[in-house]
Amino acid sequence: MLPADLPPSWFQLAEQQEKLGAPAQACTLRFCAGELERALEDHRGETLNLQQAAEESGYSADHLGRLVREGTIPNAGRHGAPRIARRDLPIKPPSPEPPVAKREPRRETTNEQIVQCIIAEGVG
């Protein structure tokens with residue numbers, strides 16, 4: 001479960017508590033859900049400079065700066081000092097795992113087989 005999924009779940013739980021005759025618990029759950037919603041929104045609205053945004057997004061600061069200049073991402077800062085709101089930050093998808101080269105099954109050769117092969121070939 002993601003943090004953003006908690007407030008709706010807590011509000012629903014508060015309704016259940018209300019129906020069960022536990023108004024104090026319902027009130028507490030509503031309060032906590034509201035606080036978490038506000039904290040999450042504050043976090044999403046926080047603005048980052050291009051270097052901070054690059055660290056969080058996986059894209060380079062230059063690329064993000066270009067997206068801001070092009071208007072693809074809104075500038076939450078000012079001209080010459082761009083900032084990006086966390087809610088507008090693109091997140092680079094993870095690179096796919098490189099394919100693993102298929103190997104031939106390894107054959108186990110005993111020392112006895114090696115010695116027999118050497119004798120048979122006349123190496124010595």
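**Exercise 1. Classify Glu56 by its accessibility, then find its salt-bridge partner in this predicted model.**

Solution. Start with the surface: Glu56 has a relative accessibility of 40%, so Glu56 counts as partly exposed. Next, look for the partner: Glu56 forms a salt bridge with Arg86, with 2.6 Å between the closest N and O atoms. Now place both ends: Glu56 sits in helix H3 (residues 50-57) and Arg86 in the loop between E2 and H5, so this pair ties together parts 30 residues apart in sequence. Then check Arg86: its relative accessible area is 15%, and because buried means under 20%, Arg86 is buried. Finally, widen the view: salt bridges with shared partners join Glu46, Glu56 and Arg86 into one network.

**Exercise 2. Work out which parts of the chain the salt bridge of Arg87 and Glu41 ties together.**

Solution. Begin with the contact: the two side chains meet at 2.5 Å, N to O. Arg87 belongs to the loop between strand E2 (83-85) and helix H5 (111-121), while Glu41 belongs to helix H2, so the parts tied together are 46 residues apart in sequence. To finish, compare the surfaces: Arg87 is partly exposed at 38%, and Glu41 is partly exposed at 40%.

**Exercise 3. Describe the salt bridge between Glu18 and Arg30.**

Solution. First, the distance: their side chains meet at 3.3 Å, N to O. Second, the location: Glu18 is in helix H1 (residues 6-19) and Arg30 in helix H2 (residues 23-45), 12 residues apart. Third, the exposure: Glu18 is partly exposed at 38%, and Arg30 is partly exposed at 34%. For context, the whole structure holds 5 salt bridges.

Conventions. Residues numbered from 1 in each chain as written. Predicted model: local features only at pLDDT ≥ 70, side-chain atom pairs only at ≥ 80, totals over all residues. Heavy atoms only, no water. Salt bridge = Lys/Arg side-chain N within 4 Å of Asp/Glu carboxyl O. Helix = DSSP H or I, 4+ residues; strand = E, 2+ residues; numbered from the N terminus. Buried < 20%, exposed > 50% of the residue type's maximum accessible area, 1.4 Å probe, protein only.
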